[in-house]
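Could you walk me through this structure, stop by stop? I have it open in a viewer and would like to know what to select next and what is there.

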Amino acid sequence: MPEGQPVRWTPDRSPKLPAWPVPRMADALRRGAMGTCPACGKSRLFAKFLRIKAECAECHAPLGLARADDAPPYFTIVVVGHLIVPAMLVVEKAWAPDLWIHAAIWLPLTVALAVGLLQPIKGMTVGAMTSLGMLTVEGPG
Ligand SMILES: [Zn+2]
């Protein structure tokens, strides 16, 4: 740079890429639903039924930083409600069974669907967060 020229400072706007692979949204959702690491798909996502591992054993993505909070139960309630309530209405309109028969069908089915869908939906939520770059302490930059 020639002497006497003003120096123009520009901030560093280059994207800060994480040390782990950032998956496409479709891949992250599929891997999360399967219970595998959304970033690489090679190791297990869950340490327990709903406890996310702190870090992927393969790609070292900090999966434990994904704060899914109430989103997985919320999405589970939405999905199960949209399956059970219309089915209940169809059965009532078609056969009008006694209330104890409704209870015997829909209560166990609701519990089974909710328990069965909670882990895949939590995996998909963590997958979406991984794809969106939300695995940071300070949030997306
Ligand atoms: Zn991984």
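Here is a tour of a predicted model, helix by helix, with stops in the loops along the way.

**Stop 1: helix α3**

Start by selecting residues 99-131, which make up α3. Put a distance between the C-alpha atoms at its two ends and you should get 45 Å. That agrees with expectation, because 33 residues at 1.5 Å each should span 48 Å.

Now look along the helix for a bend. Where is the kink in α3? Centre on Leu118: α3 kinks there by about 35 degrees, shortly before the proline Pro120.

Next, colour the buried positions of α3. They are Ile121, Lys122, Gly123, Met124, Thr125, Val126, Gly127, Met129, Thr130 and Ser131. To see what they pack against, show α1 (25-33) and α2 (71-95).

For contrast, click on Leu107, which is also in α3. Is Leu107 buried or exposed? Leu107 counts as exposed, because it has 11 C-beta neighbours inside 10 Å. Add Ile84 to the selection: it is 23 residues from Leu107 in sequence, and their C-alpha atoms are 9.5 Å apart.

Step just past the end of α3 and you reach Gly133, with a positive phi of about 75 degrees.

**Stop 2: Val126 and the core**

Go back to Val126 and show what surrounds it. Which residues touch Val126, if you skip those within four places in sequence? The contacts are Gly32, Pro38, Leu45, Ile52, Leu63, Ala66 and Ala68.

Val126 also belongs to the largest nonpolar core, a group of 13 residues. Select Cys37, Ala61, Leu63 and Ala66 together with Val126, and you have the members that touch the most others in that core. As background, nonpolar side chains tend to be buried together in soluble globular proteins.

**Stop 3: α2 against α3**

Hide the rest and keep α2 and α3. First, α2 by itself: its 25 residues reach 36 Å from first C-alpha to last, close to the 36 Å expected at 1.5 Å a residue. Pro72, Thr76 and Val80 are buried in α2, and α3 is part of what covers the buried residues there.

How do the two helices meet? Their axes are 8 Å apart, and α2 and α3 pack at an angle of about 145 degrees. The crossing of α2 past α3 is right-handed. On the α2 side, the residues making the contact include Phe75, Val79, Leu83 and Met88. From α3, turn on side chains including His102, Trp106, Leu113 and Leu117.

Follow α2 off its end and you come to Ala96, with a positive phi near 45 degrees. Keep going to Asp98, in the loop between α2 and α3. Asp98 counts as exposed, because it has 8 C-beta neighbours inside 10 Å. Zoom out and select Gly4 too: 94 residues separate Gly4 and Asp98 along the chain, and their C-alpha atoms are 92 Å apart.

**Stop 4: α1 and the segment before it**

Select α1 and mark its buried residues, Ala28, Leu29, Arg31 and Gly32. What covers the buried residues of α1? The cover includes α3. Right after α1 comes Gly35, which has a positive phi near 80 degrees.

Now back up to Arg24, in the segment before α1. Arg24 counts as exposed, because it has 9 C-beta neighbours inside 10 Å. Draw a line from Arg24 to Thr130: the C-alpha atoms are 9.3 Å apart, with the two positions 106 residues apart in sequence numbering.

**Stop 5: two loop residues with positive phi**

Finish in the loop between α1 and α2, where you can pick out His60 and Asp69. Most residues other than glycine have a negative phi. Check the backbone angles of this pair: phi is near 60 degrees in His60 and near 50 degrees in Asp69.

How exposed are they? His60 is partly exposed, because 14 other C-beta atoms lie within 10 Å. Asp69 is exposed, because 9 other C-beta atoms lie within 10 Å.

Key
Residues are numbered from 1 along each chain as its sequence is written. This is a predicted model: local features need pLDDT of at least 70, side-chain atom pairs count only at pLDDT 80 or more; totals for chains, interfaces and linings use all residues. Helices (H or I, at least four residues) and strands (E, at least two) are DSSP runs, numbered from the N terminus. The expected span of a helix is 1.5 Å times one less than its number of residues. The bend at a residue is the angle between axes fitted to the seven residues ending there and the seven starting there. A residue is buried if 20 or more other C-beta atoms lie within 10 Å of its own, exposed if 12 or fewer, and partly exposed in between; C-beta atoms are placed from the backbone. Two residues are in contact if their C-beta atoms, placed from the backbone, lie within 7 Å. A nonpolar core is a set of buried Ala, Val, Leu, Ile, Met, Phe, Trp, Tyr and Cys residues joined through C-beta atoms within 7 Å. Axes are lines fitted to C-alpha atoms, for helices over the stretch in contact, and angles run from 0 to 180 degrees between N-to-C directions. A crossing is left-handed if the near helix is turned anticlockwise from the far one by less than a right angle, and right-handed if clockwise.
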